[in-house]
Structure formats: C-alpha cells, structure tokens
Amino acid sequence: MNWLLVIAGAVVGAPLRYLTDRAVQSRHDTAFPWGTFLVNVSGCTLLGFLSGATTAGAISSHLVLLLGTGLCGAFTTYSTFSYETLRLAESGARLQAAVNAVGIVAAGLGAAFTGAAVAQALWQ
C-alpha cells in the first residue's frame with residue numbers, strides 16, 4: 001500500500017513541476033533555467049521540513065511517503081538540472097553553467113537545512 005502513496009504524490013508533483021517551470025521561464029528572457037532552480041530549491045525546503053518534522057515525531061511515515069518520496073521526488077529534477085547545465089556549457093555560457101551547478105547545490109542544501117530547522121523549532 002505504501003507504493004500507492006508514492007504514486008499519488010508523484011501524480012501531483014510531476015505536473016506541478018512542469019507548470020511551475022513553464023510559468024517561471026515565460027516571465028524572463030534569459031537562458032538561465034530559473035524554473036528548474038525554483039522547483040529544486042523549493043522541493044529541498046519541503047523535504048527538509050518533512051525531515052525535521054519526522055525527527056520531531058510530528059508526522060507519520062505515510063505522509064513522508066506521500067509528500068517526501070512521491071511529491072518531492074517527482075517535483076524536483078536532478079536530470080533536468082544536469083541537462084540544462086550541460087546545455088548552457090555547450091552553448092558557450094560557461095559562467096552561467098557554473099553558477100547554475102554551484103548555486104543550485106548550495107541553495108538546495110541551505111533550503112533543506114532551513115526547512116529542517118523550521119520544523120524542529122515548530123515541534124520542540
């Protein structure tokens with residue numbers, strides 16, 4: 001039955017990623033993949049929050065499967081991030097590729113730590 005929770009979360013997460021990416025990308029004129037950047041950092045924030053809430057015993061493992069594994073798993077995208085970084089580098093935008101690679105990892109880590117800290121502060 002756990003796999004149904006993962007699938008249910010993914011059914012929402014994948015289209016949400018696509019729609020968020022398209023909405024963000026349509027609002028600017030640069031080649032930088034801001035849509036992917038936003039979905040990955042916001043997904044890291046949610047996953048960090050869920051991790052902190054789990055550690056505090058505030059949410060069930062079923063909710064983690066639904067929102068963490070399913071929704072965040074389909075919402076965030078390492079493959080698209082890698083592809084877009086490679087595409088930037090191949091097109092000659094090497095600085096943007098480097099900023100994307102370093103920035104998304106640093107921002108994602110910071111977002112995950114922040115989400116976990118917020119959850120732990122809420123449930124301590």
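These are my notebook entries on helices α2 to α5 and on the residues packed between them.

**Setting up.** I am working with a predicted model, in which local features need pLDDT of at least 70 and side-chain atom pairs count only at pLDDT 80 or more, while totals for chains, interfaces and linings use all residues. I number residues from 1 along each chain as its sequence is written, and side-chain values use heavy atoms, with hydrogens and water left out.

**Helix α2.** I took helices as DSSP runs (H or I, at least four residues), numbered from the N terminus. For α2, residues 34–55, I compared the expected span (1.5 Å times one less than the number of residues) with the model: its 22 residues should span 32 Å, and the end C-alpha atoms are 31 Å apart, which agrees. After α2 comes Gly57, whose phi is positive, near 75°. I then listed its buried residues (under 20% relative accessible area, 1.4 Å probe, protein chains only), and found among them Gly35, Phe37, Val41, Gly48 and Ala53. The buried residues of α2 pack against α1 (2–25), α3 (61–75), α4 (78–90) and α5.

**Helix α3.** Here I noted Gly68, Gly70, Leu71, Cys72, Ala74 and Phe75 as buried, and what covers them includes α1 and α2.

**The core.** I looked for nonpolar cores, meaning sets of buried Ala, Val, Leu, Ile, Met, Phe, Trp, Tyr and Cys residues joined through side-chain atoms within 4.5 Å. The largest has six residues, namely Phe32, Phe37, Val41, Phe81, Ile104 and Ala111, and α2 and α5 each supply at least two of them. Looking at contacts (heavy atoms within 4.5 Å), I saw that Val41 touches Ala107, Gly108 and Ala111, leaving aside residues up to four places away in sequence.

**α4 against α5.** I read the axes, which are lines fitted to C-alpha atoms over the stretch in contact, with angles from 0 to 180 degrees between N-to-C directions; those of α4 and α5 come within 7 Å and cross at roughly 155°. That makes α4 roughly antiparallel (over 145 degrees) to α5. Across this pair, Phe81, Thr85, Leu88 and Ala89 in α4 meet residues of α5 including Arg94, Ala97, Asn100 and Ile104.

**Asn100.** Where does Asn100 lie, and is Asn100 buried or exposed? I found Asn100 in helix α5 (residues 94–122), and Asn100 is buried, with a relative accessible area of 1%. Not counting residues up to four places away in sequence, Asn100 touches Phe32, Pro33, Phe37, Phe81, Thr85 and Leu88.

Methods: Helix = DSSP H or I, 4+ residues; strand = E, 2+ residues; numbered from the N terminus. Buried < 20%, exposed > 50% of the residue type's maximum accessible area, 1.4 Å probe, protein only. Parallel < 35°, antiparallel > 145°, perpendicular 65-115°, else oblique.
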